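The following exercises concern a single protein chain. Please examine the sequence and the structure before turning to the worked solutions.

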Amino acid sequence: MYRLVFTQVLRRFDAEAVHHLTVSALALLARLPLLKRLLHRAFAPHDPALRVTAFGVHFPGPLGLAAGFDKDAACAEAVASLGFGHVEVGTITAHAQPGNPRPRLFRLVGQRALINRMGFNNAGARAAARRLRRARGVPVVVGVNIGKTKVVPEAQAAADYVASARQLAPMADYLVVNVSSPNTPGLRNLQAVSLLRPLLVAVKEVADGTPRRTPLLVKIAPDLADEDVDAVADLALELGLDGIIATNTTIRHGGETGGLSGRPLKARSLEVLRRLRARVGDRLTLVSAGGVEDVDDVWERLLAGATLVQGYTGWIYGGPLWAAHIHRQLSRRVRRHGMKSITEAIGRVA
Ligand SMILES: Cc1cc2nc3c(=O)[nH]c(=O)nc-3n(C[C@H](O)[C@H](O)[C@H](O)COP(=O)(O)O)c2cc1C
């Protein structure tokens, strides 16, 4: 049904226009408590066998929505009501900014992929903090992904991230330092250990200072050389970070300028996950994103050592109840393998 709606209707409209319409509809849903609760009861993961605990936070299921959809923390509860086990909002920057000129989001339907060069369009950390402070009507784990404001020079990047962290860490179930988006000039240079170390140290001090100590993760690009993946993993261990999210979008493609997501990213994303697992074992929480399309992909990532899995592009092509459907299939798979909990699958084939 969704496939028909997608091919006959949605794909005829500009991708970003459809995106904004969807976020507005979900933001409206977030303000309808009864409907939201009904949907949550019907579609959120409720099977105890799917529960996962990572860095002290309890997730109802392993599959969450990756950063970039709910950039302004406008609709996390509604997204959770459709079956996601967590929602990563952002990327949020210290200062509001418009992002790059349009068009900046492109569908590659044949490849089940997207290219985007959004450029962190968002209303800024203060506005997001105000939204996140509102009481939640349904339980939802919210990760907050922060990035650098475009006009801030690289030399002041740490202070800019710290400003966001101060506003947002107290409201986040976990915080993510994003140094891997390709659409802010120079951002990915911050993945170099010499620049990343002072940045992470500064943000960690803020995250550690919140009443509940906010867990801190770093999100990396699939285009890092293998040795650089290892170097970031070693740094994360050394600094006592809670985890790594791998991966962001790739710039290795021949299409429009921007980051490529979806099916073509699958192989590299899995490769980076395996490399990280080999390097850090279970000393860090690994969150796998990139080209996850179905239950087999989620299962493969868990076996390879991911505790949590995220998707974005798969949801766009899979339809609104994509995550609910995958969680249901995961429940069956856990039982078929004679497991009591999905956590028994994590790292089995690492
Ligand atoms: C339109 C779009 C916008 C995105 N914006 C962000 C962002 O703001 N911050 C971020 O860390 N990742 C962002 N991403 C990357 C995703 O979070 C994810 O890492 C990547 O798309 C790979 O997952 P996927 O193949 O399931 O889409 C964005 C992806 C897309 C498609």
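A residue is called buried under 20% relative accessible area, exposed over 50% and partly exposed in between (1.4 Å probe, protein chains only). This is a predicted model: local features need pLDDT of at least 70, side-chain atom pairs count only at pLDDT 80 or more, and totals for chains, interfaces and linings use all residues. Residues are numbered from 1 along each chain as its sequence is written, and side-chain values use heavy atoms, with hydrogens and water left out.

**Exercise 1.** Determine whether Q310 is buried or exposed, and which side chain it meets in a polar contact.

*Solution.* Step 1: Q310 belongs to strand β13; strands (E, at least two residues) and helices (H or I, at least four) are DSSP runs numbered from the N terminus. Step 2: Q310 is buried because its relative accessibility is 0%. Step 3: the side chains of Q310 and Y174 make a polar contact at 3.4 Å. Such a contact is a pair of N or O atoms within 3.5 Å; within protein, one must be able to donate a hydrogen and the other to accept it, and residues adjacent in sequence count only if both atoms are side-chain atoms.

**Exercise 2.** Relate the annotated "binding site" to the largest pocket, and describe N178 and N248.

*Solution.* Step 1: the unreviewed UniProt entry gives this annotation to K71, N116, R117, M118, G119, F120, N178, N183, N248 and T249. From this set, K71, N116, M118, G119, F120, N178, N183, N248 and T249 are in the lining of the largest pocket. UniProt positions follow the numbering used here, feature names are shortened, and annotations may be inferred rather than shown by experiment. On a 1 Å grid over the protein atoms alone, a pocket is an open set of points where a 1.4 Å probe fits, with protein on both sides within 12 Å along at least five of seven lines; lining residues have an atom within 4 Å of a point.

Step 2: N178 is in strand β8 (residues 174–178) and is buried, at 1% relative accessible area. N248 sits in the loop between β10 (243–246) and β11 (259–262), and is buried at 9%.

Step 3: leaving out residues up to four places away in sequence, N178 touches several residues, among them F120, K219 and N248; contact means heavy atoms within 4.5 Å. The side chain of N248 also makes a polar contact with that of S181 (3.3 Å).

**Exercise 3.** Identify which distant parts of the chain are linked by the aromatic pair of F69 and Y312.

*Solution.* Step 1: the structure holds six aromatic pairs. Rings of Phe, Tyr and Trp (its six-membered ring) pair if their centres lie within 6.5 Å; planes under 30 degrees apart count as stacked, over 60 as edge-to-face and the rest as tilted. Step 2: F69 and Y312 form an edge-to-face pair, 6.0 Å centre to centre with 80° between the planes. F69 is in the loop between β3 (63–65) and α4 (76–81), and Y312 in the loop between β13 (308–311) and α11 (313–318), 243 residues apart.

Step 3: F84 and W315 are also edge-to-face, because their ring centres are 5.1 Å apart and their planes stand at 85°. F84 and W315 are both buried. Step 4: ring pairs join F69, F84, Y312, W315 and W322 into a cluster.

**Exercise 4.** State where N121 lies and how far it is from G99 in space.

*Solution.* Step 1: N121 is in the loop between β6 (113–116) and α5 (125–133). Step 2: N121 and G99 are 22 residues apart in sequence, yet 4.0 Å apart in space, C-alpha to C-alpha.
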